[in-house]
Structure formats: C-alpha cells, structure tokens
Amino acid sequence: MHNATDCCQAGSSGIARRTLLKTSLSVAIVGLAAPIARVESASAAALTQSERDSLTPDQIIEHLKQGNERFRSGKMQAYDYLAQKRATAGGQYPAAVILSCIDSRAPAEILFDARIGDTFNARIAGNIANDDLIGSLEFACAAAGAKVILVMGHTACGAIKGAIDHVELGNLTGLLAKIKPAVDETQYAGDRSSKNDAFVDAVATTNVRRTIDAIRSGSPVLAAMEKDGKIKMLGAMYHLNGGRVEFLG
Ligand SMILES: [Zn+2]
C-alpha cells in the first residue's frame, strides 16, 4: 500500500502525492528497461517501497553491476543529494545491504553509483562478520526488506596484510584473529607474504567466502530467507586499480 512514507514526505499536496503515486507506479512498470537511478521523475530521487518490492534479488544485483559500470567509466549520475535526502527523510526502502571494509578507497555507495536510500552499509576492517554485524544484516533483510547481501572485499587490504603479518595492536588483534583462518585456508603455491599482492588478494577472496559462510551459519533467519529465495547472498572483490567490482561465482 502507498502512504505518506512511500513517496515524498511531509508537505506533499494531494495533487503532488497523486502525481508521485502515478509516477512511482509507472517506474515500477517500466521496471528494468532502464536502471531506476536513470528514471527522470520526482520519485526517482529515492527508491519507494513499491519499486523496491517489485525488484527480484537478481535484478538488484544487476542494478549494482550497472552502477559500478557507470562508476568505472566515469558516467555517474548527476545526483541531487538534497532531493534524495528529502525523499528519504520519512522512510527508507533499501534494496541491498553491503558488508565491506572501512578502507577509505572502497566507499560502497560511490563504487556502485548508488543514491541515498538505495543500500544499507556495514563497514568493518577486513569485512568480517560477528554477532552484531550479522544482527545488522538481519535487520536490513528480515525487518527492513532488503533482498541482497553483498560481502565485498578489496585488493591490497591492510587488514588482510595485518592478519598475514600477525600484527598485534590493542583490540585490532582480536579482529585480525577472525581473518587469520582465511590465510591458512588459502591455497597458494608462491610467496605467502604480505608483500605479494597476488597472495594478499587471494586471502581477501577466501575471507569474503568465509564471511558469507559465517553469516549463513550464524543466522538461521538469513539462511532460511536465502533457502526460500527471498534474499540472495553473494561475495565480491573491489579492484582498487580500475575500479571494477568482481562478483564471485
Ligand atoms: Zn580493507
């Protein structure tokens, strides 16, 4: 059902609200003929509930891929963040939740050319999962309706290097301990040091897979949603050189 939180927020006149309702319905019908972010309309400032609910997990993943392609090719949308802020102030209907690293070079919304309100974002060094992060993912999907969980690592990750090098520093020691099993699990015949970029990135990929496994085993709620086809969980690696987000099969 549409209500005041579906479209624009406070201050919409009846006429404006009807116009927005009509526009949002047409956007939903247009579906994937054009990425939602490209649709020129008042409601395109943010995802509405009807738009989000009409998307399948695969379509949402496709939107993320298209957004990354726009980022890589320098063809990002000319967003009006203030309009997005206004459109989302009274409610949010994000389609995906992204668990990624705190690295300053890997800002998820920018890499996916996403808008305010498009994605939940959880960031922690080395994109590991713990109970609180898994709880956040459960909120995003089971309570708030997101349909995709993307765990995204990145190349040249300092947390991965720290785990390889057995760095010890305050509370970081405990965090890196959660990454260390990925170092041991990574099959790699060459130089297994943090100076070898290929090894570091191989461990980061293993770590992404391990995080997804930890989410599945740590959350019967999310595992059941995935089994029922309500959500999809997948991993990715962001390449600092070139800007490509490589989705892992
Ligand atoms: Zn990192």
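A residue counts as buried when its relative accessible area is under 20%, as exposed when that area is over 50%, and as partly exposed in between. The exercises below apply this to a predicted model.

**Exercise 1. Determine how confident the prediction is, and where confidence falls below 50.**

Step 1. The average pLDDT of the protein is 87, and 83% of the residues score at least 70.

Step 2. Residues 1–43 have a pLDDT below 50. In the model this stretch nevertheless has 57 contacts beyond near neighbours in sequence.

**Exercise 2. Classify R52 and its salt-bridge partner D53 as buried, partly exposed or exposed.**

Step 1. Identify the pair: the side chains of R52 and D53 form a salt bridge, with 2.8 Å from N to O. The whole structure contains eight salt bridges.

Step 2. R52 has a relative accessible area of 3%. Because this value is under the 20% cut-off, R52 is buried.

Step 3. D53 has 41% relative accessibility and therefore counts as partly exposed.

**Exercise 3. Describe the coordination of the zinc ion and state which parts of the chain the pair C101 and H154 ties together.**

Step 1. List the donors. The zinc ion is coordinated by SG of C101, NE2 of H154 and SG of C157, at 2.0 to 2.3 Å.

Step 2. Place the donors along the chain. Their spacing reads C-x52-H-x2-C.

Step 3. Assign the secondary structure. C101 lies in the loop between β1 (96–100) and α5 (108–111), whereas H154 belongs to strand β3 (residues 148–154), so the pair ties together parts that are 53 residues apart in sequence.

Step 4. Consider accessibility. C101 and H154 are both buried.

**Exercise 4. Contrast the salt bridge E69–R72 with the salt bridge R210–E185 in terms of where the partners lie.**

Step 1. The side chains of E69 and R72 meet at 3.2 Å, N to O. Both residues lie in helix α3 (residues 57–72), three residues apart, which is about one turn of the helix.

Step 2. Apply the helix geometry. An α-helix has 3.6 residues a turn, so residues three or four places apart point the same way.

Step 3. Check accessibility. E69 is partly exposed at 41% relative accessible area, and R72 is partly exposed at 40%.

Step 4. Turn to the other pair. The side chains of R210 and E185 form a salt bridge of 2.5 Å, N to O. This pair links distant parts of the chain, with R210 in helix α9 and E185 in helix α8 (residues 172–185), 25 residues apart.

Step 5. R210 is partly exposed at 27% relative accessibility; E185 is partly exposed as well, at 42%.

**Exercise 5. Characterise helix α9 by its span, its start, its buried residues and the setting of S217.**

Step 1. Helix α9 covers residues 197–218, 22 residues in total. From first to last C-alpha the helix reaches 31 Å, close to the 32 Å expected at 1.5 Å a residue.

Step 2. Examine the start. A side-chain oxygen of N196 comes to within 3.1 Å of the backbone nitrogen of A198.

Step 3. Identify the buried positions. These are F199, V200, V203, A204, T205, T206, N207, V208, T211, I212 and I215.

Step 4. Locate S217, which is in helix α9. With 63% relative accessibility, S217 counts as exposed. A polar atom of the S217 side chain lies 3.4 Å from the backbone oxygen of A214.

Methods. Residues are numbered from 1 along each chain as its sequence is written. This is a predicted model: local features need pLDDT of at least 70, side-chain atom pairs count only at pLDDT 80 or more; totals for chains, interfaces and linings use all residues. Side-chain values use heavy atoms; hydrogens and water are left out. pLDDT is the predictor's confidence in each residue, from 0 to 100. Contact means heavy atoms within 4.5 Å. Helices (H or I, at least four residues) and strands (E, at least two) are DSSP runs, numbered from the N terminus. The expected span of a helix is 1.5 Å times one less than its number of residues. Buried means under 20% relative accessible area, exposed over 50%, partly exposed in between (1.4 Å probe, protein chains only). A polar contact is a pair of N or O atoms within 3.5 Å; within protein, one must be able to donate a hydrogen and the other to accept it, and residues adjacent in sequence count only if both atoms are side-chain atoms. Donors are N, O and S atoms within 2.8 Å of the metal (3.2 Å for Na, K and Ca); water is not among the atoms, so sites may look incomplete. A salt bridge is a side-chain nitrogen of Lys or Arg within 4 Å of a carboxyl oxygen of Asp or Glu.
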